[in-house]
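Please work through the exercises below with the sequence and the structure at hand, trying each task before reading its solution.

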Amino acid sequence: MAAVSGSVISFPGPKAAPFLRRKSSNAPFSASPGFRLVPRAPVYAGNRRGKVRGSPRCEAMVDLVEARTPSRASSVSALEQFKISADRYMKERSSIAVIGLSVHTAPVEMREKLAVPEAQWPRAIEELCSLNHVEEAAVLSTCNRMEIYVVILSWHRGIREVTEWMAKTSGIPVSELQQHLFMLRDSDATRHLFEVSAGLDSLVLGEGQILAQVKQVVRVGQGSRGLGKNIDRMFKDAITAGKRVRSETNISSGAVSVSSAAVELALMKLPKCYLPSARMLVIGAGKMGKLVIKHLVAKGCKRIMVVNRSVGKVDAICEEMKDVEIIFRPFTNMLPSAAEADVVFTSTASETPLFLKEHVEGLPPVSDAIGAARLFIDISVPRNVGSCVSDLEYARVYNVDDLKEVVEANKEYRLRKAMEAQAIITQELKRFEAWRDSLETVPTIKKLRSYADRIKASELEKCLQKIGDDALTKKMRRAIEELSSGIVNKLLHGPLQHLRCDGSDSRTLDETLGNMHALNRMFSLDTEKAILEQKIKAKVEKSRS
């Protein structure tokens with residue numbers, strides 16, 4: 001990551017000088033006068049290159065002025081002023097930025113206020129794109145994160161507008177919001193999205209749900225025509241990166257929580273042919289018990305007995321998992337329920353064992369098909385199953401210590417795979433940046449071609465008039481036209497070759513951009529200024545309408 005990773009940047013206000021043109025992922029930010037860099041501890045260990053990266057975020061505290069939403073007239077005035085000073089921004093092209101917060105930077109209370117339901121994503125995108133300096137936008141809002149991806153005309157002004165929009169929609173003052181936001185630019189923003197899609201930024205390393213959520217952003221955005229070409233391509237490449245990481249590193253394999261390890265252990269001990277009909281009992285419907293039920297459902301269990309002191313929590317689980325038959329039993333029916341089960345998961349806060357040797361001795365034997373032994377998987381501390389139960393031949397007991405070893409081994413495995421994943425992400429990042437860099441020279445190529453074609457047409461017309469129509473046959477006219485086109489094409493071949501920046505040769509981006517600027521000067525194409533003014537004009541007209 002760039003040199004500012006793990007730092008807090010304070011933006012001085014609307015008159016701050018802009019960043020220079022885009023930076024590479026290996027180059028540090030060029031901080032303008034007035035910027036304050038303060039060391040900040042990373043969220044977790046490592047770095048971005050070759051290892052499981054540390055904090056991906058350049059956490060930014062922006063000194064934003066909290067003001068009323070500007071009127072339409074003042075909004076247009078601000079854009080026109082921006083247009084007048086367009087020369088100042090010629091060295092700064094549109095930036096891709098991510099502004100947001102996640103489970104790593106903000107408490108759940110704040111994430112709840114900022115959350116945008118999926119049904120409201122199109123409206124949010126429309127509002128963001130209507131901001132003066134925002135060209136494209138996408139919203140990634142989940143239970144663990146709220147991130148806004150934008151393409152902005154001016155870094156400072158665009159960041160300020162998006163942050164003020166977040167404050168307005170959430171009701172959280174900017175001064176409070178800015179303490180939890182992180183902001184990343186260009187290649188760092190793109191890398192962050194790729195890592196999010198790959199599950200490298202999740203609480204559970206390599207989890208798969210986030211990839212489906214990234215896919216949904218694309219579906220919703222395309223359905224509402226809210227994604228521009230840069231954001232659309234970036235999210236699609238992020239999906240590709242996420243798929244590659246999971247398929248090529250197998251990072252998602254292995255349980256990394258006690259509850260998931262408990263379920264995996266139970267399924268490992270049962271014959272595969274017996275899995276569909278295995279009788280499952282979960283004692284305790286608290287947080288851990290609910291997670292066990294979720295993991296059982298994810299593995300295909302359709303019928304689960306749940307013993308709990310009250311029915312309320314069980315009803316809530318039933319409401320959440322409507323496709324599964326969940327049978328409630330009161331605590332007084334615990335032993336009869338255990339008699340009907342092949343696998344018993346215990347997860348209660350009881351300070352005394354629920355199952356002792358004499359309790360289990362009185363239970364009927366289980367089928368020989370599963371080894372004639374009832375499984376007790378105890379994830380409670382203190383333990384719910386007495387150690388004496390292990391003495392019984394027809395009972396197998398596993399506790400938290402047995403599971404922790406599996407969990408830790410799987411976590412180490414995933415960390416190693418995450419390091420491998422960085423190589424894949426770097427490949428996909430280079431591919432995306434090569435595509436985006438290729439867009440930068442397209443206007444110059446078009447203008448240069450148009451300039452040459454105008455000269456050719458003018459000189460061709462003069463030539464044909466001198467010869468005269470009477471002296472020209474169709475064959476001669478065609479030969480002269482082909483001659484003029486051939487000369488133009490051969491003259492343009494060299495310059496156009498030196499505008500290539502798609503990563504297919506050894507030419508660096510800086511060299512290609514230098515060639516582009518030289519051609520703009522030599523032929524007075526004014527490509528960059530024309531493009532910027534065209535974008536600003538479109539914004540002005542939209543604000544006036």
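## Exercises on a predicted model

In this predicted model, Met183 in strand 7 is the bridge partner of Ile99.

**Exercise 1. Find the order of the strands in the open sheet of four strands, and state how they pair.**

Solution. Begin with strand 4, which pairs with strand 7 in the antiparallel sense over four bridges. Next, follow strand 4 (residues 95-102) to strand 6 (residues 145-152), to which it is joined by eight bridges, again with the two strands running antiparallel; here Leu101 stands opposite Met146 of strand 6. The complete order of this open sheet is 5-6-4-7, with antiparallel pairing. Strand 5 (134-141) and strand 7 stand at the edges with a single partner strand each, so one side of each has no neighbour in the sheet. On average, and with direction ignored, neighbouring strands of this sheet are turned by 15° against each other. Finally, add helix 3 (residues 121-129), which packs on the sheet by touching strand 5 and strand 6, and whose direction makes about 150° with that of strand 5.

**Exercise 2. Decide which residues lie on each of the two faces of strand 4, and whether they are buried or exposed.**

Solution. The first step is a general one: side chains in a regular strand alternate between the two faces of the sheet. Applied to strand 4, one side holds Ser95, Ala97, Ile99 and Leu101, while the other holds Ile96, Val98, Gly100 and Ser102, and the residues on both sides are all buried. The count for the strand agrees, with eight of its eight residues buried.

**Exercise 3. Describe the open sheet that six strands form, from its order to its edges.**

Solution. The order is 10-9-8-11-12-13, and the pairing is parallel. The edges are taken by strand 10 (325-330) and strand 13, each of which pairs on one side only. Neighbouring strands of this sheet are turned by 20° against each other on average, direction ignored. Looking towards one edge, strand 9 (residues 303-308) and strand 10 run parallel and are joined by six bridges, with Asn308 standing opposite Pro330 in strand 10. Across strand 9 and strand 10 lies helix 11 (residues 312-320), running at about 180° to strand 10.

**Exercise 4. Compare the surroundings of Asp186 and Asn250, and say how far each is covered.**

Solution. Start with the backbone: phi of Asp186 is near 50°, a positive value in a residue other than glycine, and Asn250, which is not a glycine, has a positive phi of about 55°. Then place them, Asp186 in the loop between strand 7 (182-185) and helix 6 (187-197), and Asn250 in the loop between helix 8 (229-249) and helix 9 (258-269). Last, consider accessibility: Asp186 has a relative accessible area of 3% and is therefore buried, whereas Asn250, with a relative accessible area of 42%, is partly exposed.

**Exercise 5. Locate the cis peptide bond that precedes Pro382.**

Solution. The bond joins Val381 and Pro382, with omega about 0°. Pro382 belongs to the loop between strand 12 (374-378) and strand 13 (395-398).

**Exercise 6. Which residues make the nonpolar surface patch of about 320 Å²?**

Solution. The patch is made by Leu483, Ile487 and Leu491. Leu483 lies in helix 15 (residues 474-497), and because its relative accessibility is 55%, Leu483 counts as exposed.

How values were computed:
Residues numbered from 1 in each chain as written. Predicted model: local features only at pLDDT ≥ 70, side-chain atom pairs only at ≥ 80, totals over all residues. Heavy atoms only, no water. Buried < 20%, exposed > 50% of the residue type's maximum accessible area, 1.4 Å probe, protein only. Patch = residues over 30% accessible without salt bridge, like charges linked within 9 Å, V, L, I, M, F, W, Y side chains within 5 Å. Areas by Shrake-Rupley, 256 points an atom, 1.4 Å probe, with all protein chains shown as cover. Salt bridge = Lys/Arg side-chain N within 4 Å of Asp/Glu carboxyl O. Pairing = 2+ DSSP bridges. Axes fitted to C-alpha atoms, helices over the stretch in contact; angles between N-to-C directions. Contact = heavy atoms within 4.5 Å.
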